[in-house]
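Subject: Structure handover and findings

Hello,

Here is the structure I promised to pass on. Please open it alongside this email, and read the notes with the model in view.

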Amino acid sequence: MNRFDRCAQRGEIVRKDYHSADMVKWLSSEVSNLMSWVRLPLSAPPLTKAMSELRTALTMQTLKASKGLFLVSLMLLASLSGCFGEEGAEDQPIVSSIFQIDFTPPQDVTLRTGEWHEFILEGNGRSLSVPTGVMLFVNDTILPNGYVTVTGDQINGKFLLTPYVEEATLTIVHPDGTGEALEMPITNGTPIVNGEEWLDKMEFITSVCTDSTECGGYINRWMGTPNPAFERAASFFQGHFEGLGYETHILRVTDHGNPTEPESLNVIAWKEGRDDSCVQGMGAHMDIAPPGGPPGGGTYEGAYDNTGGTVSMMLFAKAFVEIEVQCDTFLALWSSEEEGLRGSSSFANNDCDYCLPTDKELRFYINMDMMGISYPAIKPTGEPYPYHAWSGPDIDPEVQDVEITTILDHVHRDILGAPMDMRIEGTYGAGCDQHWPEHEDLVMDVHEDTFGRSDHVTFRDLGAQTIFHLGAYDSDYSAYHSPDDTLDNMIEVVGGEEELKKSMEFVMWAAMLEFMIADQTPEVRNVNA
């Protein structure tokens, strides 16, 4: 008899007998009541600063509590029962007969961080709960609260472990109230979005050589009329999205009568959602600062600003093939950001078959611009680079205005375990618009803010809830908009390839999880709705 069949002293499955299914029903109802209590409608009267902070704290605690609810209930009720084999417990099936991971009994499985794992749970009324750091998916859609109950004979789903999870206790609660806690072994996997693949694509795009299979040479991506280098790069990016199965278009708009002025040429990939009444998206600008542009004279590679963000969108597109989305979703590479957000504006304010629909609610948008030279990377001086992630719109700086701010904080604080209170000696050179006196030495500058200067502003102005990811900039990054903005420079200033891969992987996982959770959070909706 193996350790998954009976509760042994050193076993990794612990069974607690609640003696009453009524306890499980009560717990389920309490969770529902708690969740509905903390989720205030966006139309509610304005909150005071204290009430806003309380709501955020309560919501964060509820998300954590709901994920671990069944495990907590087992611990609290431990005195009511004994291990498997004692009175009332012998009628339950062994775990391996009702639960499998990757079509394998759980005792034979080691979970791999960053990777997908399929599961099957059998038994009407039986429930499964996963800890923070393990994402639970059913019907290819994330369940933000991390638990699910079988209705019918069985349920099929998937786990996605973050690269940063250190332990994974999966908890099963049977219909009669007995429970199983499975402490699963973990090993490092190959994350579905990872710094290694990001760096490989960066090297291909920015390298120039005679072998086109080794070097793409997609540099000099200045937006203008004409620029064959930009056209060639746009075709390459379009092919990437099309190769993954997305409906992909090049949106070209001559937005000025003067042909010497930069026009707009965006790459737009669409993924159909379950609900055709709403739309949402992610994006990054693929153009780079033109020659002579301020403050550093322009660039030819634009590795940090913004080839890095462009490649992150390529990796997100690959990962999102495996999920379903609630609303029609656009994954976009913008042009003309360096000339005043004209690429995203042409998408949002023109009428075409693949432009932003005017008859659908625009829920949220996440923007990727200048990442990688950010926490956890370390400056040559020995202190961490700043990490900026700002949500909006920040209508009133004294209160939390939008629900996506709760998701932003939850992803960084709870799921990724970021050091939200870490500070440096002295101050950073640049940061948020609001609350800078309180945040000038804060490594994780993660909060609601009015900061602009990138394409999220286009969608924020239309009422969408937004998140803008940004690393070191201005005086914290000397190569900004200069010929020194190269991949080699990025590697040098963070202390090596491995450090750059780590910092990019961290911010990409943050943005990807924000998107997945916002997609399944009804409160994230247009502030004008």
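Below is what I found, grouped by topic. Please keep in mind that this is a predicted model.

**Disulfides**

There are three disulfides in the structure. Numbered in sequence order, the bonded cysteines pair as 1-2, 3-4, 5-6. A disulfide is a covalent bond between the sulfur atoms of two cysteines.

C209 and C215 form one of them, with sulfur atoms 2.1 Å apart. The torsion about their S-S bond is about 110 degrees, so this disulfide is right-handed. The two ends differ in exposure. C209 has 37% relative accessibility and counts as partly exposed. C215 has a relative accessible area of 13% and is buried; the cut-off for buried is under 20%.

C278 and C327 form another, with their sulfur atoms 1.9 Å apart. This link is left-handed, with -85 degrees about the S-S bond. The pair ties together distant parts of the chain. C278 is in strand β15 (residues 275-285), C327 is in strand β16, and 49 residues separate them. C278 is buried at 4% relative accessibility. C327 is buried too, at 1%.

C352 is joined to C355, S to S 2.1 Å. The torsion here is about 100 degrees, so the disulfide of C352 and C355 is right-handed. C352 is partly exposed, with a relative accessible area of 26%. C355 is buried, at 3%.

One further cysteine to look at is C432. At 6% relative accessibility, C432 counts as buried.

**Strand β14 and its partners**

How many of the eight residues of strand β14 are buried? Eight of the eight are, so β14 (residues 264-271) is largely enclosed by the rest of the structure.

In a regular strand the side chains alternate between the two faces of the sheet. In β14, S264, N266, I268 and W270 point one way. L265, V267, A269 and K271 point the other way. Both sets are buried, K271 included.

β14 pairs with strand β13 (residues 247-253). Seven bridges join them, and they run antiparallel. To find the register, look at T248, which stands opposite A269 in β14.

β14 also pairs with strand β16 (residues 327-334). That pairing is antiparallel as well, over five bridges. Here V267 stands opposite L333 in β16. Strand β16 also holds C327, the partner of C278 in strand β15.

**Aromatic contacts**

The structure holds 29 aromatic pairs. Take F119 and F159. Their ring centres are 4.8 Å apart and their planes are at 20 degrees, so the pair is stacked. The stacking cut-off is under 30 degrees. This pair also links distant parts of the chain. F119 is in strand β4 (residues 116-122), F159 is in strand β9 (residues 154-161), and they are 40 residues apart. F119 and F159 are both buried.

Which residues form one aromatic cluster with W270? They are F330, W334, F347, Y365 and F459. W270 is the residue already met in β14, among those that point the same way as S264.

There is a charge over a ring as well. K158 lies over the face of W116, at 4.1 Å from the ring centre.

**Two covered helices**

Helix α7 (residues 303-320) has 18 residues. From its first C-alpha to its last it reaches 24 Å, close to the 26 Å expected at 1.5 Å a residue. α7 is mostly covered, with 17 of its 18 residues buried.

Helix α9 (residues 404-415) is mostly covered too. Eleven of its twelve residues are buried. Among them are the charged-type names you may want to check by eye: D409 and D414. H410 and H412 are also on the buried list. So are I404, L408 and V411. After α9 comes G417, whose phi is positive, near 65 degrees.

**Where to look**

For a quick tour, begin at β14, where eight of eight residues are buried. Then go to the stacked pair of F119 and F159. Finish at the left-handed link of C278 and C327.

Best wishes

How values were computed
Residues numbered from 1 in each chain as written. Predicted model: local features only at pLDDT ≥ 70, side-chain atom pairs only at ≥ 80, totals over all residues. Heavy atoms only, no water. Buried < 20%, exposed > 50% of the residue type's maximum accessible area, 1.4 Å probe, protein only. Helix = DSSP H or I, 4+ residues; strand = E, 2+ residues; numbered from the N terminus. Pairing = 2+ DSSP bridges. Phe/Tyr/Trp six-rings, centres within 6.5 Å; stacked < 30°, edge-to-face > 60°. Lys NZ or Arg CZ within 6 Å of the ring centre and 35° of its normal. Expected span 1.5 Å × (residues − 1). Disulfide = S-S within 2.5 Å.
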